[in-house]
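Hi,

Here is the structure I wanted to pass on to you. Have a look at it first, and then read my notes below.

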Amino acid sequence: MEPNFDLFGHPVREGFGNRGRPPYEPTEKDRNKVKLLLALGWANQRIANALGVSPATLKRYFRADMRERDAMRDRLDARRFEIALEQANAGNVTALRELGAMIDRNDRMTIEASMGKGRDDDKPVERVGKKVIDEQRAHAADADLMAELEIEAAQNARH
């Protein structure tokens, strides 16, 4: 029996649309898709939607891949460098240019990351509550009032 496909070319699981939930069977293509979407920074809900499963099913079958979410982007970038290098070594001039551009972007990113590490701007600012702000304003008003009274007293003493 030929598998049916939906509008987007995904195979429709046997028993889909009938009573009960058809069992999900992950494929290697699904695993690669999950890894790619993790590398692109997609949220779990979006990945589940792309696969046509629930977020719970996604977590059940792809738990190990999802634990490595942060590493997926690095793996994707490393693979892109590897392919560009292979093509450049084979004599592909366009691949050589792209490899150079990729190296330049990587160098800029590394420099920006190293420059950003020494900044104090990244430290969280301590938030002040309303009571503290009111107290600070009251002290400032008292100081202003005292300064005005001293100036007035100094002027009265001269007369």
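**Salt bridges**

E68 is partly exposed, with a relative accessible area of 33%. The side chain of E68 meets that of R75 in a salt bridge, at 2.9 Å from N to O. R75 is also partly exposed, at a relative accessible area of 45%. Please keep in mind as you read that this is a predicted model.

How many salt bridges does a search of the whole structure find? The search turns up six. As you know, side chains of opposite charge can pair when their charged atoms come close.

Another pair is R73 with D77, where the closest N and O atoms are 3.7 Å apart. These residues lie four places apart in helix α4, so about one helical turn separates R73 from D77. R73 has a relative accessible area of 39% and is therefore partly exposed. D77 counts as partly exposed too, at 23% relative accessibility.

Further along the chain, E98 forms a salt bridge with R105, with 3.3 Å between the closest N and O atoms. E98 is partly exposed at 36% relative accessibility, and R105 is partly exposed with a relative accessible area of 38%. There is also a network: R73, D77 and R80 are joined through salt bridges that share partners.

**The overall picture**

The protein has six helices and zero strands, so read from the N terminus on, its elements run α-α-α-α-α-α. Of its 159 residues, 14% count as buried. Among the contacts with a separation of 6 or more, 38% come from residues 24 or more positions apart.

**How the helices pack**

Two packed helices are described by the angle between their axes and the distance between the axes. I have two such pairs for you.

The first pair to look at is helix α2 (residues 44–51) with helix α3 (residues 55–67), which pack at an angle of about 105° with their axes 10 Å apart. Angles of 65 to 115 degrees count as roughly perpendicular, and α2 and α3 are therefore described that way. On the α2 side, the contact is made by N44, Q45, I47, A48 and L51, and on the α3 side by P55, L58, K59, F62 and M66. By class, this contact of α2 with α3 has seven nonpolar, two polar and one charged residues.

The other pair is α1 with helix α4 (residues 69–89), where the angle is about 95° and the axes are 7 Å apart. That makes α1 roughly perpendicular to α4. K35, L36, L38 and A39 of α1 make the contact with R69, M72, R73 and L76 of α4. The residues of this contact of α1 with α4 divide into five nonpolar, no polar and three charged. R73 thus turns up here as well as in its salt bridge with D77.

**Three buried residues to inspect**

V34 is found in helix α1. At 1% relative accessibility, V34 counts as buried. Which residues does V34 contact, leaving aside its neighbours within four places in sequence? They are I47, L51, L58, F62 and D65. Of these, I47 and L51 belong to the α2 side of the contact with α3, and L58 and F62 to the α3 side. The C-alpha atoms of V34 and A50 are separated by 8.9 Å, and these two residues are 16 apart along the chain.

D65 has its place in helix α3. Buried means under 20% relative accessible area, and D65 is buried because its value is 11%. Setting aside residues within four places in sequence, D65 is in contact with R31, V34, K35, L38 and M72.

D30 sits in helix α1 (residues 28–39). Where is the nearest side chain of opposite charge to D30? It is K33, 5.2 Å away, and D30 is buried yet has no salt bridge. A salt bridge needs a side-chain nitrogen within 4 Å of a carboxyl oxygen, so K33 at 5.2 Å from D30 does not qualify. Not counting residues up to four places away in sequence, D30 touches Y24, E25, L51 and F62. L51 and F62 are also among the contacts of V34.

That is what I have for now. Thanks for taking this over, and enjoy looking around!

Best wishes

Methods: Residues are numbered from 1 along each chain as its sequence is written. This is a predicted model: local features need pLDDT of at least 70, side-chain atom pairs count only at pLDDT 80 or more; totals for chains, interfaces and linings use all residues. Side-chain values use heavy atoms; hydrogens and water are left out. Axes are lines fitted to C-alpha atoms, for helices over the stretch in contact, and angles run from 0 to 180 degrees between N-to-C directions. Helices (H or I, at least four residues) and strands (E, at least two) are DSSP runs, numbered from the N terminus. Angles under 35 degrees count as roughly parallel, over 145 as roughly antiparallel, 65 to 115 as roughly perpendicular and the rest as oblique. Contact means heavy atoms within 4.5 Å. Ala, Val, Leu, Ile, Met, Phe, Trp, Tyr, Cys and Pro count as nonpolar, Asp, Glu, Lys and Arg as charged, and the others, Gly among them, as polar. Buried means under 20% relative accessible area, exposed over 50%, partly exposed in between (1.4 Å probe, protein chains only). Lys and Arg count as positive and Asp and Glu as negative; His and the chain ends are not counted.
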